[in-house]
Amino acid sequence: MLQPDPTQPPRDIIIVGAGLAGVPCALSLCRELTPYVPDLKIRIIERNEVLSTSGGAINLSPVAQRHLAYLGVLDELNRMGTEGGADVDEIELFSSRSGRSLGHLDFNDQEGNGYGGYRGRRVMRIVLLMAMVNVAERARNIEVAYGKKVISGEEVNDKAVIRFEDGSMDTADLVIGCDGVHSATRTHWVDPDRPSEYTGISFIQAVVDAENITSHKNFRATSVNFSQHGALLMSYCDRDRQEIFASAMMEFNKDALQHFQITRGQSWATKTHIQTVLHETVMKRFKNSAIPCVREMVHKDADWMLYPIYQVPPGGQWHMSRVVLLGDAAHAMPPWYSSSSFALDDAICFSRVLARYRLEPLDVVFDIYDRLRRETVNRAFKESSRMCSLMKETGLLEEWSRERKTSSRLRKHRNDYQNAWKFDATKVAIPKPAQGQDLMTLHSFLEDYAI
Ligand SMILES: Cc1cc2nc3c(=O)[nH]c(=O)nc-3n(C[C@H](O)[C@H](O)[C@H](O)COP(=O)(O)OP(=O)(O)OC[C@H]3O[C@@H](n4cnc5c(N)ncnc54)[C@H](O)[C@@H]3O)c2cc1C
């Protein structure tokens, strides 16, 4: 009997953005698809000429660490020595007003072992990106191209076509938009009606030598100190604890943002002026803290930089014809609930779905992926937005009640957090293809069934 010609799996894939979703997505696709598509070709297209050094230090949850280990990035980070990041067993929360502990977000299980052996880690974003790209560059079918800014895309004759700012274009069987919160893949192709929104909250961040903070530190690895005027996070960010990263998270006027961005080409005097005003903004809010190391930190002259927090609210479109959005491009949320984990989860879940449904049309792949991720992402968005609201200005009475609520919520939701740290995207059950022919990949099969 004549069999219908099955759809060919994508062989030529472009990933837009060499960030925390894009590079892991390339690594995960290699792992899942290469056994079945040996001539798989993945191009990561990055707008910057080199990996960006901005962004300060980020916290990796046990879930993010588990997934980075799966992709071979954690070993690479560990090989980077002290720069590979500081271990974080827990995030301790305090009232900046009274110095009182409000509780902690624990990365240890009941036995104090971490989840599957993984706790938290605070690492400079650039170091994490370098570790990811090092691993990607060792894969024979991944290429990274820098200095190519995508401006739009479309489908032409069964191919995805992307266009660059320099006037050139490229084609692929599949485009994966991992180009972050302001994604051009989203706003000029998949979902033009969904621009990013400013949350009203910005982070002002700096790194100082730990030995320059001489007063008693109220934290073992990381603290978040809540006040009426936002919260100040302090954390070690290297394994030898020689550096402290600080992030003042606060309400910041949207109209003022443009005056405080440090950009290339600005004069030294302009940059110094911006950093001085940002420093004063941080000092004004936290200089009266009851916590000595908070007071000392905010008095430090350092390169204070502004990072406005944007979001992409839930409910939008994540895919069409030959293009899908992952990470912040699809669902940027305020960075509390370990947003980078969601970028990694997306990358692994999508690769597994694509591998299992590799002989199905892309719209089936996208639909299964969407159904797998949508609800989890929406829930996380809600929780992140709630935490983000704690950074808003408040009156004295309200601050007191906010502290009490934060404490009791942490206790009440302890189990939810603990369950969240157990999430493993490599184990998420993916439904079988409709025809009943299970196209599970070798890797997924071995891992799903622990063979
Ligand atoms: C101030 C701040 C602090 C944060 N702290 C934490 C934290 O502690 N823990 C945590 O888990 N998460 C944190 N996050 C969130 C986390 O950084 C993001 O969720 C994560 O980076 C999302 O990964 P992504 O790959 O989707 O986007 P990104 O990491 O932003 O990567 C997007 C990439 O696409 C490139 N790009 C953009 N446009 C184009 C284009 N047109 N053409 C080509 N390339 C393009 C960009 O240059 C970039 O390399 C923080 C975010 C911010 C803003």
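Select Glu90 first: this residue stands opposite Asp106 in strand E6. The model on display is a predicted one, and the tour proceeds outward from this pair of residues.

**The sheet around E5 and E6**

Extend the selection to strand E5, residues 90-95, which is joined to E6 by 5 bridges in an antiparallel arrangement. Now display the whole sheet to which these strands belong. It is open and consists of 7 strands, ordered E6-E5-E14-E15-E16-E13-E17, with mixed pairing. At its edges are E6 (101-106) and E17, each of which pairs on one side only. Averaged over the sheet and with direction ignored, neighbouring strands are turned by 20° against each other.

Next, add helix H11, residues 396-412. This helix lies across E5, E6 and strand E14 (222-227), and runs at about 30° to E6.

**The two domains**

Colour the protein by domain. Domain 1 comprises 10-50 + 146-196 + 313-389 + 431-451, and domain 2 comprises 55-125 + 198-311 + 390-420. Their centres, taken over C-alpha atoms, are separated by 29 Å. Where the two meet, 19 residues of domain 1 are in contact with 17 residues of domain 2. On the domain 1 side, the elements giving two or more residues are helix H1 (22-33), H9 and helix H10 (362-389). H9 provides the largest share of that side, 5 residues. The composition by class is 12 nonpolar, 6 polar and 1 charged residues.

**The sheet beside H1**

Select the second sheet to be visited, an open one of 6 strands in the order E8-E2-E1-E12-E19-E18, again with mixed pairing. Strand E8 (142-145) and strand E18 (319-320) are the edge strands, each pairing on one side only. H1 packs on this sheet and touches strand E1 (12-16), strand E2 (41-45), E8 and E12; the direction of H1 makes about 175° with that of E2.

Within the sheet, select strand E12 (residues 174-177) together with strand E19 (residues 323-325): they pair in the parallel sense over 3 bridges. Val175 has Val323 in E19 as its bridge partner.

**A hairpin**

Move to strand E9 (residues 150-156) and strand E10 (residues 159-164), which run antiparallel and are joined by 6 bridges. Gly153 can be picked out here, with Ile162 in E10 as its bridge partner. The hairpin has 2 residues between the strands, and Asn157 takes a positive phi near 50°.

**The ligand**

Centre the view on the ligand. Which residues are the closest to it? Among the 31 residues that surround the ligand, the closest are Gly17, Gly19, Gly180, Gly327 and Ser340. Elements giving two or more residues to this shell are strand E3 (57-60), strand E17 (305-311), helix H8 (328-331) and helix H9 (339-356). The largest share, 4 residues, comes from H9. With the domain colours still in place, note that the shell draws at least three residues from each of domain 1 and domain 2. Sorted by class, it has 15 nonpolar, 11 polar and 5 charged residues.

**Confidence**

Finally, colour by pLDDT. The protein averages 92, and 95% of the residues score at least 70. Select residues 445-451, over which pLDDT stays under 50; for this stretch the model has 4 contacts beyond four places in sequence. Where pLDDT is low, predicted coordinates should not be read in detail.

Definitions and conventions:
Residues numbered from 1 in each chain as written. Predicted model: local features only at pLDDT ≥ 70, side-chain atom pairs only at ≥ 80, totals over all residues. Near = placed C-beta within 6 Å. Nonpolar A, V, L, I, M, F, W, Y, C, P; charged D, E, K, R; others polar. Domains from an automatic or database assignment. Pairing = 2+ DSSP bridges. Axes fitted to C-alpha atoms, helices over the stretch in contact; angles between N-to-C directions. Contact = placed C-beta atoms within 7 Å. pLDDT = per-residue confidence, 0-100.
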